[in-house]
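Thanks for coming, everyone. I'll keep this brisk. Please have a look at the fold before I start.

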Amino acid sequence: MKVLVAYYSETGNTEKIAKAIYEEASREHEAHLKRAKDISSETLNNYDLVFLGSACHSSDLAAPVKKLLKGLPESPKFKLAGFFTHSVWTPEQNEHGQALFDKWASKCIDSFESISKEKQIDFKGYYHCQGSPNLRIQVFIHCAIIRSHDEWKAYIQEAPKHPSQADLENASDFARKVMSISN
Ligand SMILES: Cc1cc2nc3c(=O)[nH]c(=O)nc-3n(C[C@H](O)[C@H](O)[C@H](O)COP(=O)(O)O)c2cc1C
């Protein structure tokens, strides 16, 4: 199987996940790792399976990734799986995680699913995890989202640790599962 791992990453979090997926894919398949800005929608058609990754921007996939997806023809021959990193807690991490994730990151899932449906893409699922927020995003989160002193303290101790080793291992597991159902 020919596998492409393509991603958009500004500060390196999504790139770490992309590399973990690429390493996993390379074990048994011909795999290529590319930045979203270096490819066009047509590039995806040269593969059997595409893992497409994005940083979460404004609660949604970043613009270059949406552009790639929207530029695809209907019923492309490749299978698609998505991944993204975001800066809010995941639902498993914290009691407020679900509400924060729903508000600030869940459009990434909606976009993968709705564009796949619209384009009749065989979508195999998605993976996401928290990424370390840059300073500007930290300031935004502290001012607009997590104002409580105790919650901020917990958040800012944990957030820079992501993607953690466990996040990378979970990404590899995800890649293995997707490949096993795509062969
Ligand atoms: C312009 C901009 C907008 C962002 N908007 C969100 C957002 O709405 N929700 C969120 O959870 N994280 C948001 N983030 C944080 C990033 O999604 C997060 O830090 C991600 O891990 C960055 O990935 P990267 O290092 O691959 O660029 C935003 C970051 C930037 C730069």
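Let's begin with strand 3. Strand 3 is mostly covered, with eight of its nine residues buried. Keep in mind that this is a predicted model.

Which strands does strand 3 pair with? Start with strand 1. Strand 1 and strand 3 run parallel, with six bridges between them. In that pairing, Val5 stands opposite Phe51 of strand 3. Next comes strand 5. Strand 5 is also parallel to strand 3, and seven bridges join them. Here Ala55 has Thr85 of strand 5 as its bridge partner.

Then there is strand 4, residues 60–61. Strand 4 runs antiparallel to strand 3, joined by two bridges. His57 stands opposite Asp60 of strand 4. Strand 3 and strand 4 make a hairpin, and two residues lie between them.

Stay with that turn for a moment. Ser58 sits in the loop between strand 3 and strand 4. Its phi is positive, about 50°, although Ser58 is not a glycine. Is Ser58 buried or exposed? Ser58 has 9 C-beta neighbours inside 10 Å, so it counts as exposed.

There is another residue to flag for its phi. Gln120 is not a glycine either, and its phi is positive at about 55°. Gln120 lies in the loop between helix 5, residues 107–118, and strand 6. Gln120 has 12 other C-beta atoms within 10 Å, and therefore it is exposed. The cut-off for exposed is 12 or fewer.

Back to the sheet, and to strand 1. Strand 1 covers residues 2–8, strand 2 covers residues 30–35, and the two pair in the parallel sense over six bridges. Val5 turns up again here: its bridge partner in strand 2 is Leu33. How does the chain get from strand 1 to strand 2? It goes through helix 1, and this β-α-β crossover is right-handed.

Now helix 1 itself. Its buried residues include Asn13, Thr14, Glu15, Lys16 and Ile17 at the start of the list. Further along, Ala18, Ala20, Ile21, Tyr22, Glu24 and Ala25 are buried as well. So what covers them? The cover includes strand 1, strand 2, strand 3 and strand 5. It also includes strand 6, residues 122–130, and helix 8, residues 165–182.

On to the ligand. How many residues surround the ligand? There are 21, and the closest are Ser9, Thr14, Ala55, His86 and Gly131. Three elements give two or more residues to this shell: helix 1, strand 3 and strand 5. We have already met Thr14 among the buried residues of helix 1, and Ala55 as the bridge partner of Thr85. As for chemistry, the shell has 12 polar, seven nonpolar and two charged residues.

Next, helix 4, residues 97–104. Which residues of helix 4 are buried? They are Leu100, Phe101 and Trp104. Looking down the axis of helix 4, these buried residues fall within an arc of 95°, so they line one face of the helix. The general rule helps here. An α-helix has 3.6 residues a turn, so residues three or four places apart point the same way. And what does that face meet? The buried residues of helix 4 pack against strand 5 and against helix 6, residues 135–145.

Now a few individual sites. Asn45 is in the loop between helix 2, residues 41–44, and strand 3. It has 14 other C-beta atoms within 10 Å, so Asn45 is partly exposed. Leaving out residues up to four places away in sequence, Asn45 touches Pro76, Lys77 and Phe78. Asn45 and Leu72 are 27 residues apart along the chain, and their C-alpha atoms are separated by 8.6 Å.

Now take Glu151. Glu151 belongs to helix 7, residues 149–158. Glu151 has 16 C-beta neighbours inside 10 Å, and so counts as partly exposed. Its C-alpha atom is separated by 38 Å from that of Lys70, 81 residues apart along the chain.

Last item, a backbone feature. Where is the cis peptide bond? It joins His162 and Pro163, with omega about -5°. Pro163 lies in the loop between helix 7 and helix 8.

That's my tour. Over to you.

Methods:
Residues numbered from 1 in each chain as written. Predicted model: local features only at pLDDT ≥ 70, side-chain atom pairs only at ≥ 80, totals over all residues. Near = placed C-beta within 6 Å. Helix = DSSP H or I, 4+ residues; strand = E, 2+ residues; numbered from the N terminus. Nonpolar A, V, L, I, M, F, W, Y, C, P; charged D, E, K, R; others polar. Pairing = 2+ DSSP bridges. Right-handed = clockwise from strand over helix to strand, strands pointing away. Buried ≥ 20, exposed ≤ 12 C-beta atoms within 10 Å, placed from the backbone. Arc of directions from axis to C-beta. Contact = placed C-beta atoms within 7 Å.
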